[in-house]
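Open the model in your viewer with the sequence panel beside it. The stops below each give a selection to make and then what is found there.

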Amino acid sequence: PSSLAPRSPCPTRVGQAVSVSMLSALTRRALVPKRAPLRVFSSSQPQVKRRDGTVAVLSKTRGFLDYERNPEPYRPPAERLQDWEEINLQSPAAEREELPRQTARCMDCGTPFCQTNTGCPIHNLIPEFNSLVYEGRWHDAYLNLKSTNNFPEFTGRVCPAPCEGACVAGLIDSPVTIKNVEYAIIDKAFREGWVVPEPPKTRTGKTVAVVGSGPAGLAAADMLNRNGHAVTVYERDEKPGGLLMYGIPNMKLEKDRVQRRLDLLEEEGIKFECGVEVGKDTSAAELRKQHDAVVLAMGSTLPNDLKIPGRELEGVHFAMEFLRNNQYALFTDREGKLKSHWGRQKIDAKGKNVIVIGGGDTGTDCIGTSLRHHCKSLVNFELFPRPPDGRAPHNPWPAWPRIYRTDYGHEEAAHVQGADPREYSILSKKFIGENGKLTAIQTVNIRVDNGRLVEIEGSEKEWPCDIVILAMGFKSPEATIPEQLSLELDQRNNVKAGYGDYLTSSDGVFAAGDCRRGQSLVVWAINEGRGAAEKVHKYLTAN
């Protein structure tokens, strides 16, 4: 694949990087600003501490050996638990001193696995922007980054960084802090005023409807708008942004940053129709008649349920119900009265015993949100055994490392309660309640035997709880729109459309993101939004 091709010498056609939208990784690499031949900068680079304790001039020649990994820290738990502000501790000193040191660790690999399919799904040109930051060429680093990533301010905060899992340095040491570098580049670009609206110079006269304003929908809309098509994004909530605005908590992704990008897209000519639920307020079939093409990017919104006795008790909630309603409350606090399209009240965990069932990012977000409500106690159930501290033999590099990690929510819970909140190998058996309200949950411990989960006799236990949050992932999109368009579905009830093609069984209707591939990462949603936009553009220009 082109992402594995050797990188060519630096061209000087910097301006072209802005206008080219949909090119192969190899072609993009030929058009974005690149680093000059490697220089040591012995006279201009600062003196820095090396991992052996000595101090010397910063150098990239042996950077991966001389310097240890030092990621951007979080604010102290005691401080960040008192607010809903971003958890990351941003420091101007880090940009001046630590980021050049961290980018010096990049090995400039002949085959950079960090940007292949086992690493970054959108094929960010990571060795290139690492070298540009090391050389202090921040504006060039921004042009490089924007050539592959529509929204680095989102991925630089919420992406789990599969690029770092595939980093070659991680074979024998810790990977490069790629995610921190990515965010630092776009953050500086906004502060310096480099990120400005760039509306297309000409319009094609073609119209496209994008259903859903999450990362896949926004990426598709952005790319199609760049190609001169008139794009309207339909969103059933009061604000666009989808998962980015309502599903990811404020402390992980500040909504001012989301709104800043939405404002840019609007200034570039994208139209947002909010409070419009396609399939209810307007039919999907009618929408198709009104536009030359339609992109479905409505996500995977039907959650996996836990259908055990007592499920009907008051106090059992889906994770997204809990997180979304909390975000509505924050919008209300900040902006005054905001009508909730869903008509739900905030689910308040203050003073309550909370149990979160399910791990992953969503489970962690529920932990962090509950702690900021000042819950009485918090426990996190995980079905499977505790992961190993390092890679297991069946989980080799460069695959994503399935290892034990402590995320921000776990750290905060340990600070409040004195211990990690996670309980492993737990199977929930029954919800228990009084007068229709949840009071406890009954569980049993399990073990894995030849790939099967086996209950351990005598390990039954009741856990007191007032709220149970189900963070067990999502199974498929809602059926209304596919039914109205008579779309073919796959075996998991996702919209059937081949990867790389994105065309559904209905002419002119394309699907991208979680509604097509199933629940996944924000960065994969951006990948699919960009890919679908390329196919829509070809469809429109061919017709």
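Select Phe431 and show its surroundings: leaving aside neighbours within four places in sequence, Phe431 is in contact (heavy atoms within 4.5 Å) with Leu306, Ile308, Pro309, Gly310, Arg311, Leu313, Val316, Leu438, Ala440, Ile441, Val468 and Leu470. Phe431 belongs to strand S12, residues 426-434; helices (H or I, at least four residues) and strands (E, at least two) are DSSP runs, numbered from the N terminus. Its relative accessibility is 3%, so Phe431 counts as buried; buried means under 20% relative accessible area, exposed over 50%, and partly exposed in between, with a 1.4 Å probe and protein chains only. Ile308 is 123 residues from Phe431 along the chain, yet the two C-alpha atoms are separated by 7.2 Å.

The model is predicted: local features need pLDDT of at least 70 and side-chain atom pairs count only at pLDDT 80 or more, while totals for chains, interfaces and linings use all residues. Residues are numbered from 1 along each chain as its sequence is written, and side-chain values use heavy atoms, with hydrogens and water left out.

**The parallel sheet**

Val316 and Val468, both in contact with Phe431, lead to the next selection. Val468 in S16 is the bridge partner of Val316. Show the whole open sheet: its five strands have the order S8-S16-S9-S10-S11, with parallel pairing. Two strands pair if DSSP finds at least two bridges between them. Strands of a sheet pair through backbone hydrogen bonds, either parallel or antiparallel.

Which strands stand at the edges? They are S8 (316-318) and S11 (422-423); each has a single partner strand, so one side of each has no neighbour in the sheet.

Now centre on S16. Three bridges join S16 to S8, running parallel, and four bridges join S16 (residues 467-470) to S9 (residues 353-357), also parallel. On the S9 side, Val356 has Ile469 as its bridge partner, and Val354 stands opposite Ile467. Colour S16 by accessibility: Ile467 and Ile469 on one side, and Val468 and Leu470 on the other, are all buried, leaving both faces covered.

**The loop before S9**

Go back along the chain to Lys350, in the loop between H15 and S9. Is Lys350 buried or exposed? Lys350 is exposed, with a relative accessible area of 57%. Not counting residues up to four places away in sequence, Lys350 touches His373, His374 and Cys375. Lys376 is 26 residues from Lys350 in sequence, with 6.9 Å from C-alpha to C-alpha.

**Aromatic rings**

Select the rings of Phe, Tyr and Trp; a search of the whole structure finds eight aromatic pairs. Rings (for Trp, the six-membered ring) pair if their centres lie within 6.5 Å; planes under 30 degrees apart count as stacked, over 60 as edge-to-face and the rest as tilted. One of the pairs is Phe151 with Phe154, which is tilted, at 5.4 Å centre to centre and 35 degrees between the planes. Both of these Phe residues are buried.

Next take Tyr246 and Tyr328: the ring centres are 5.0 Å apart and the planes at 45 degrees, so this pair is tilted. Tyr246 is in helix H12 (residues 243-247) and Tyr328 in helix H15 (residues 319-335), 82 residues apart, and the pair links these distant parts of the chain. Tyr246 has 0% relative accessibility and therefore counts as buried; Tyr328, at 5%, also counts as buried. Add Phe331 to the selection: ring pairs link Tyr246, Tyr328 and Phe331 into a cluster.

Two charged side chains are worth showing with rings. Arg157 lies over the face of Tyr183, at 3.5 Å from the ring centre, and Lys461 lies over the face of Trp463, at 3.7 Å. A charge sits over a ring if NZ of Lys or CZ of Arg is within 6 Å of the ring centre and within 35 degrees of the ring normal.

**Helix H7**

Finish with H7, residues 138-146. Eight of its nine residues are buried, so H7 is largely enclosed by the rest of the structure. The buried residues include Trp138, Asp140, Tyr142 and Lys146.
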